[in-house]
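Visitor: Please take me closely through one part of this model, namely the folding of its backbone and the packing of its side chains. I should be grateful for a single connected account that a first-year student can follow.

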There are 2 protein chains.
Amino acid sequence: MANQILVFCLLALAITGSLARFSDIRKKYSDIQRNQQILKNLKDVVEDPASQFHHSAYRRLAYLVDTYGPRLWGSQSLELAIQDLANQIKEDGIDVRLEPVRNFTKWVRGQESLTLFEPRPFPQKLKMIGLGRSVGGNVTADAVVVTSFDDLQAKAHLVPGKIVIYAVPWVNYETTVAYRGSGAIEAAKLGAVAALVRSITPFSIESPHTGSMSYAANVTQIPAAAIAVEDAEMFLRMFERGQRIRLNLYMESWNVPNANSFNVVAELRGSVYPEKILVLGGHTDSWDVGSQTGANDDGGGFVTCYEALRLIAKSGLTPKRTIRFIAWSGEEYGGSLSGASQYANDHKDEMDNHIVAFESDLGSRTPVAWGFSGGQNGLNYFQDLVSTYFKPIYNITEVLDGEGEMVDSGYIGSYGVPMVRNIGQDTPSNDYYFTFHHSAGDSMSVMDPDQMDENVVGIASLFYLLADADVALPRD
Amino acid sequence: MANQILVFCLLALAITGSLARFSDIRKKYSDIQRNQQILKNLKDVVEDPASQFHHSAYRRLAYLVDTYGPRLWGSQSLELAIQDLANQIKEDGIDVRLEPVRNFTKWVRGQESLTLFEPRPFPQKLKMIGLGRSVGGNVTADAVVVTSFDDLQAKAHLVPGKIVIYAVPWVNYETTVAYRGSGAIEAAKLGAVAALVRSITPFSIESPHTGSMSYAANVTQIPAAAIAVEDAEMFLRMFERGQRIRLNLYMESWNVPNANSFNVVAELRGSVYPEKILVLGGHTDSWDVGSQTGANDDGGGFVTCYEALRLIAKSGLTPKRTIRFIAWSGEEYGGSLSGASQYANDHKDEMDNHIVAFESDLGSRTPVAWGFSGGQNGLNYFQDLVSTYFKPIYNITEVLDGEGEMVDSGYIGSYGVPMVRNIGQDTPSNDYYFTFHHSAGDSMSVMDPDQMDENVVGIASLFYLLADADVALPRD
C-alpha cells in the first residue's frame, strides 16, 4: 500500500511538473540508514526495563494525577500541577518557561443534584453532572423526552415550562455532541426551563459525562446537565408509557472573571535552524468530575509529548530545528481565551517559522496511524516519511489525510501550519476513548504503561525526523 | 456428546443393575413428538411480534423498575413493587398469594462519604458505597494498602489505628468477594479502624459496587465500604510511592428490627399430581445504589420465571404436577431470615413433594446451558431430557453438573430437592454480569428484550417437560 502511494505520488508530481521539488524532498533521506539506526535506538532504550525511559510517561502521569487530582481550568489544583510539571522539566535539565494565559473567566461548579419525584413513590436522587459553562438554577417541572432535534420540534407544543430531556442515540462523538453543545439553546427557544442531555458516550455504568455547552444571543440561558445513558433510556420509557415525569434540577455554578494560568513551554533548540519550530503537546486542564479526571484527557497526551522531547534530548541527538513542547492550559472550555489561542497570538511573529503543530488529545493507546492536515506537497512528504521510516520497525504505516487538526493545534494551523496527530487503536467512533472521556472514569486505570511508551517512541521518532530533515515539511 | 453420555449412562446403569429404573424414566418420553410440538408452539408464540408474550418480560420488568426504583429489603419501595406484582398476577387470572416474611432486621443506609485529604492539595470527595450490614462511623486516619490477606498479615505492624484498603485483583466473584465479606473482620483483628474494599467487578467506570459484609464474634465491628477499582489502584500507587494517604470515612447506617415483607407465590396446579411441586423463581429485593438497581439482579430473574409460568398457563397446557412461581424477598442480605429460608421452613411438610427448585439469579442473557445439582440418577434424567428436547430447537444443550444451586433455591435444596439454574452467555467468570452487579449500573439498559424472551421460552419449556413427565425427576 505504501509503495502504491509512493508510485501514485511520483506520477502525480511528474504530471504537475513538481518533480524538481520532489527531488529536494528526497534529500531528507540523505542518510536513511543512519536515521533508521537512531530510531531503533530510541525504541530500544524505551523498551529496556532497566532504562529510566521505560514506563516513564506512565509514572510521571500517575504521580501528577494522583497528587493533584482533577485540573479544572482556573483551579489551584491545575496551577499546582503546572508548576510541578515545570519544575520537573527544569530538573531534567531542559529549557522551560511559563507563558501566562491571562484574564479568562473560570467556571466553578457548586452543589448540584437531580431528583425524580414522579412516577416514583419516593424522591429518587439521580446521577447527573452539570455541563461546563452552564448557569445555575433551581427548577421543579415536568419533563418532555425527545430523541432528536426533529423530535423536539414535533413536540414543541409540550415544551413551554418543561424540562427537555434529550434521550438521543450514540452515533459518534461529532454527531451526538451537538445535543450537549446546543441542546439548551434549542430547548430554551421553545420555552423549556432546563435541558438534560444523555451523556455523550457509547457505554455507561450509570456514569454521566460532562463537557462544554453554549448559549446563544437573545435566547434565555437555562441550566443544562448531563444524565447517564441508563436514565435517559428510562425517561424515554416513562414518557412513551405515559407516566408523568416530575423532576427537580438544582445547580449552583459561578463564572469568575480575571483568572490566570500558564502554558508550559519547553524546548530543545535546533542546531542549524533554531528559529524553525516544530510544536508538540497537549493540554493540562481537565474536567472535575472524578478522583483522577484528566488522566487520559489530556494528561496522557501532554506527558507522552514531553517524554518524547526528553527522549530526544537525553539521547544526545541535536536535530537541526527547534522542537518545542507545549502543555496548553484551558482546552476544555477555553475557546478564544484558551492557552492555545493565546500561544498562537503571542507567537504570531514566529508563525511563519512554525513547521508543524502536533497535538495528542484522543488517548495514548497503541499508535496505528497519523492524521495529517496540510497541503498536498506536505501530505506527499509526510506519507513518504512514514512509509520510509515507520514501516520497517513500527506498526504506524497509515496517514489519514485531513485528520491532523485538533482543538489546540488548530490555533497554530490557522496560520497555515500543517497539523499532525497520533491515532491509536480504537473503534471507528473511538468508543474506547469516549467511554471514559469527561467522566469520573477518566483515570489512570485507562492508561497502559506499554502503550504510552509506544506513543513516546512514535512521537519522538517522528519529531526527530521532522526536525533533522534536510528539507523541511512544506506548507503547500 | 449427548449420545456418548447416553451410551455411558446405559452402561453405568446396566452395571449397577438399575436398568429397570431407567426404563421407567424413559416413560417421560411416551409422546416425544407431541411434546416437541408443544415446545415449538411456546417458542413461536413468544417470537411472534404480534403476540402479548413477545417482549412481555422486558416490558413488565421495565414498568416495575422504572416505577418503583431500587428495592432494598425492608423498604416501602420493595413492598409497593411486591404488591403491584401480586396484583398483576391476579389480573392475569393466575392463583397468587402473599406469604409473610416476618421479623427480620432491615439495614438502612444513611449519608456516607469518603474524603481524601493527603496527598491531595485540597480535600477530594471519592466515590464510595457502604457495604450492606456495615455499622456506621466517622473515622479520620491514615491508610495502609494491601493486595491480599497475606499482604495484610505482612503489613500487620502498620495496621493499628489505620484504615485498611484492599486493592486486590479481580480473579472471579467467588474468589474476590472474600475481601468484601470478611475484609472488615481481618482488618479489625489487627487493630484497623475501617476497611475499604476494591469493588468486586472486572471493569469499572469509577463505579463502586456494594454487597453484603459480615462481622465475627469478639472482633470489633468497624465500618466497611466499597471503593471504585480506579481508586483502589490509585491508593496502591500512592502507598508504593511512599505518599501519605489520609482519609475520612463517614457512614451512617441503621439496623431496624421487626421489619416485614412478603414472598409472592403463584401457581398452576397440577392436573394429576397437584401435591407434587416444581418451584421456579428469583428474588424481588435489590441493593439501593442507583436509579434502577435490581433490574438485572434479580428483576430479570423473577420476571422471566413468572412469564414462563404465565406462558404455560395461557397456552392452555395442563401439566400433571404443580408449577409454583416464587418471588422471594430478602436474598441480598437475608441469610437465615430471608424469604427463601422462611419459605422452606413454612413449607417443610411439603418438602418431600418438591421435585425441583429452579432459580434465575445470574442474569437473563441468551441461555446456553443448565446448571444441575442433585443425585446421579437425577443428573442422568436431566441430561437425557435436555438432549432429547433442547438440542433440536434450542441452543441449550449443555448440563453443568454441580452448578444448579443458588442462594434462594439452596434452602429448598437442603431438603434433598434437586436444584437447577439457567446459564447465559458470558465469560467463564461472568464478567458481563458482574460489571453491573450491585452497582448503580444494574439497570434496564443491561437487559435485552429478545434475550429475556429466550429465557422465558427455555424456562417454560423445561418446566412444562418436568411437570408433565410420566416419571418425575428423581432425587437420588
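Guide: In what follows, helices (H or I, at least four residues) and strands (E, at least two) are DSSP runs, numbered from the N terminus. The model is predicted.

Let us begin with the backbone of chain B. P119(B) lies in the loop between β1 (95–118) and β2 (124–126) of chain B. The peptide bond that leads into P119(B) from E118(B) is cis, with omega near 10°. Another cis bond connects D297(B) to D298(B), again with omega of about 10°. D298(B) belongs to helix α9 (residues 295–314) of chain B. These bonds deserve notice because most peptide bonds are trans, just as most residues other than glycine have a negative phi. Two residues of chain B depart from the latter tendency. R133(B), which is not a glycine, has a positive phi of about 85°, and its place is in the loop between β3 (128–130) and β4 (137–146) of chain B. N258(B), also a residue other than glycine, has a positive phi near 60° and lies in strand β8 (residues 246–268) of chain B. The relative accessible area of N258(B) is 55%, and because the limit for an exposed residue is over 50%, N258(B) counts as exposed.

From here we turn to the interior. The largest nonpolar core has 158 residues, and those with the most contacts inside it are F325(A), F390(A), F325(B), W370(B) and F390(B). In soluble globular proteins, nonpolar side chains tend to be buried together. F325(A) is a good place to enter this core. Leaving aside its neighbours within four places in sequence, F325(A) is in contact with residues including I89(A), V264(A), A266(A), L280(A), G281(A) and F302(A).

The strand pairing shows how some of these residues are arranged. F325(A) belongs to β10(A), where A266(A) stands opposite it. Strand β8 (residues 246–268) of chain A pairs with β10(A) in the antiparallel sense, over five bridges. β9(A) is joined to β10(A) by eight bridges, and these two strands run parallel. One of the facing pairs here consists of G281(A) and I326(A), the latter in β10(A). From β9(A) the chain passes through α9(A) to β10(A), a β-α-β crossover that is right-handed. Eight of the eight residues of β10(A) are buried, so the rest of the structure largely encloses this strand. The helix of the crossover, α9(A), is mostly covered too, with 18 of its 20 residues buried. After α9(A) comes G316(A), whose phi is positive, near 75°.

Aromatic rings add further detail. Over all chains there are 39 aromatic pairs. Among them is the pair of W287(A) and Y333(A), which is tilted, with 5.7 Å from centre to centre and 35° between the planes. This pair links distant parts of the chain, 46 residues apart: W287(A) is in the loop between β9 (273–283) and α9 (295–314) of chain A, and Y333(A) is in the loop between β10 (321–328) and α10 (339–346) of chain A. Since a buried residue must be under 20% relative accessible area, W287(A) at 1% qualifies. Y333(A), at 7%, is likewise buried.

Elsewhere, one aromatic cluster is formed by F203(A), Y432(A), F436(A), F203(B), Y432(B) and F436(B). In chain A, R365(A) lies over the face of Y432(A), 3.6 Å from the ring centre. In chain B, the charged end of R365(B) sits over the ring of Y432(B), at 3.6 Å from its centre.

Finally, we return to the core in chain B, where W370(B) was among the residues with the most contacts. The bridge partner of W370(B) is N422(B) in β14(B). Strand β12 (residues 367–373) of chain B is mostly covered, six of its seven residues being buried. β12(B) pairs with strand β14 (residues 419–424) of chain B in the antiparallel sense, over six bridges. With strand β13 (residues 398–401) of chain B, β12(B) runs parallel, joined by four bridges. Here F372(B) stands opposite D401(B) in β13(B). Between β12(B) and β13(B) the chain crosses through helix α11 (residues 376–393) of chain B, and this β-α-β crossover is right-handed.

How values were computed: Residues numbered from 1 in each chain as written. Chains lettered and ligands numbered in written order. Predicted model: local features only at pLDDT ≥ 70, side-chain atom pairs only at ≥ 80, totals over all residues. Heavy atoms only, no water. Core = buried A, V, L, I, M, F, W, Y, C linked by side-chain atoms within 4.5 Å. Buried < 20%, exposed > 50% of the residue type's maximum accessible area, 1.4 Å probe, protein only. Contact = heavy atoms within 4.5 Å. Phe/Tyr/Trp six-rings, centres within 6.5 Å; stacked < 30°, edge-to-face > 60°. Lys NZ or Arg CZ within 6 Å of the ring centre and 35° of its normal. Pairing = 2+ DSSP bridges. Right-handed = clockwise from strand over helix to strand, strands pointing away.
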